[in-house]
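Subject: The structure I promised you

Hi there,

Here is the structure we talked about, so open it up and have a look while you read. My notes on what turned up come right after it.

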Amino acid sequence: MKKILVLLIITAVLLCGCDLFNNRPVATETLQTMPEISDEPSPYPVIIDGVIISEPPERITCLSPVLCEILHEFGEEHRIIGRSDYCDYPAQIRGIQSFGSGINLEVDRIIKAAPDLLITSSPVSAMDRKTLELEGIAVVVIPNPKNLDEFKNVYRIIGVILHGGFVGEEEGERTFSVISRVCDNPNVVKLGNFVYITENLALATGDTLESSVISCFGNNLAVSGAGYIYDKSKLLVTQPDVIILNSNYTIEDLLEDEYYSQLDAVIDERVIIIDNTFFERPTARIISVISLLTTEFNAMRS
């Protein structure tokens, strides 16, 4: 009974409240027979978004560049036996066989490779999922995060997959700690009021990962918007102290915009240009964005 009680506690606690999986928590499989009394609960099985994982997966097909990179951060790259065409970092991942993309699965080839688990960030069709599961291949979808809490939860979920419901969560938090040590330290850089202008010259609103990360160091004036939609004319009144700009664009692009061209930060060239790739593929490399922001902002003030 003690073992059952511990498993039920883990069910209630692990990943509870996360939006990644529509608030469905990681759980443990219901035991059908009375187990032996043990002081040490078993880390498996776990259920992630309805998918039962009964033991550590030794052969993983990973069709997400983000998740491939995170597996390397965990030091578990040796488990990856398949990737997508877009998984290209670290460089050694390119030597692993590719199975197309997360959207267009090469199901027959995946079955032939016989992984224990397929993980991806893209939705998998019901037909493809059923075909793979009938072959004994578990399919877990881990969407890209939209805020820091979801970002951390991706690491926790990967940790639980790799190590079960006890050590796994701790491993996830430990691996993510490289990021949290920076993002939880507001003294790294103090940007003041900012906006981040990204794809299509849209503003990163409060429901985006870009805003969640950069807001650790300043106040996003577009936080009240949603889905990258915000009334740019409001910035003429609030006037950001600094503008962060997706590297696909230049200050000249801002000067051609009706509203951005009137901002003091644009006129005075208080603009920091960063690579948005690290938000599109959020891993520990996002720290490099923060490092660049710090360097450029300090140079701007001096």
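Phe151 and Phe176 are both buried. Bear in mind as you look around that this is a predicted model. Phe176 has a relative accessible area of 4%, so with a cut-off of under 20% it counts as buried. Tyr155 is buried too, at 0%.

Now look at how these rings meet. The model has 5 aromatic pairs in total. One of them is Phe151 with Phe176, an edge-to-face pair with 5.2 Å from centre to centre and 85 degrees between the planes. Phe151 belongs to helix H5 and Phe176 to helix H6, so this pair ties together parts that lie 25 residues apart in sequence. Tyr155 also pairs with Phe176: the ring centres are 5.2 Å apart and the planes stand at 65 degrees, so this pair is edge-to-face. Here again a residue of helix H5, Tyr155, is linked to Phe176 in helix H6, 21 residues away. Add Phe74, and you have one aromatic cluster made of Phe74, Phe151, Tyr155 and Phe176.

While you're there, follow helix H6 itself. What span should its 17 residues cover at 1.5 Å a residue? The expected value is 24 Å, and the end C-alpha atoms are 24 Å apart, so the two agree. Even so, H6 has a kink of about 50 degrees, centred on Ser177. Ser177 is among the buried residues of this helix, which also include Gly168, Gly172, Thr175 and Ile179. What do the buried residues of H6 pack against? They pack against helices H2 (65-73), H5 (148-163), H7 and H12 (286-301).

Next, some backbone oddities. Most residues other than glycine have a negative phi, and most peptide bonds are trans. That makes a few spots fun to click on.

- Tyr44 and Pro45 are joined by a cis peptide bond, with omega about 5 degrees. You'll find Pro45 in the loop between helix H1 (2-13) and strand E1 (46-48).
- The bond from Tyr89 to Pro90 is cis as well, with omega near -5 degrees. Pro90 is in the loop that runs between strand E4 (80-83) and helix H3 (107-113).
- Asn200 is not a glycine, yet its phi is positive, about 60 degrees. Its loop lies between strand E7 (192-197) and helix H7 (209-214), and Asn200 counts as exposed because its relative accessibility is 69%.
- Glu269 isn't a glycine either, and its phi is also positive at about 60 degrees. Look for Glu269 in the loop between helix H10 (264-267) and strand E10 (271-274); its relative accessible area is 54%, so Glu269 is exposed.

Tyr89 deserves another click, this time for its ring. Which charged end sits over the ring of Tyr89? That of Arg285, 3.7 Å from the ring centre. You can find a similar arrangement with a lysine: Lys232 lies over the face of Tyr260, at 4.6 Å from the ring centre.

One last stop is helix H8 (residues 235-238), where you'll find Val237. Is Val237 buried or exposed? With 72% relative accessibility, Val237 counts as exposed. Val237 and Leu263 are 26 residues apart in sequence, and their C-alpha atoms are 9.2 Å apart in space.

Have fun exploring, and write back if you get stuck!

Cheers

Technical notes: Residues numbered from 1 in each chain as written. Predicted model: local features only at pLDDT ≥ 70, side-chain atom pairs only at ≥ 80, totals over all residues. Heavy atoms only, no water. Helix = DSSP H or I, 4+ residues; strand = E, 2+ residues; numbered from the N terminus. Buried < 20%, exposed > 50% of the residue type's maximum accessible area, 1.4 Å probe, protein only. Expected span 1.5 Å × (residues − 1). Bend = angle between axes of the 7 residues up to and from the residue. Contact = heavy atoms within 4.5 Å. Phe/Tyr/Trp six-rings, centres within 6.5 Å; stacked < 30°, edge-to-face > 60°. Lys NZ or Arg CZ within 6 Å of the ring centre and 35° of its normal.
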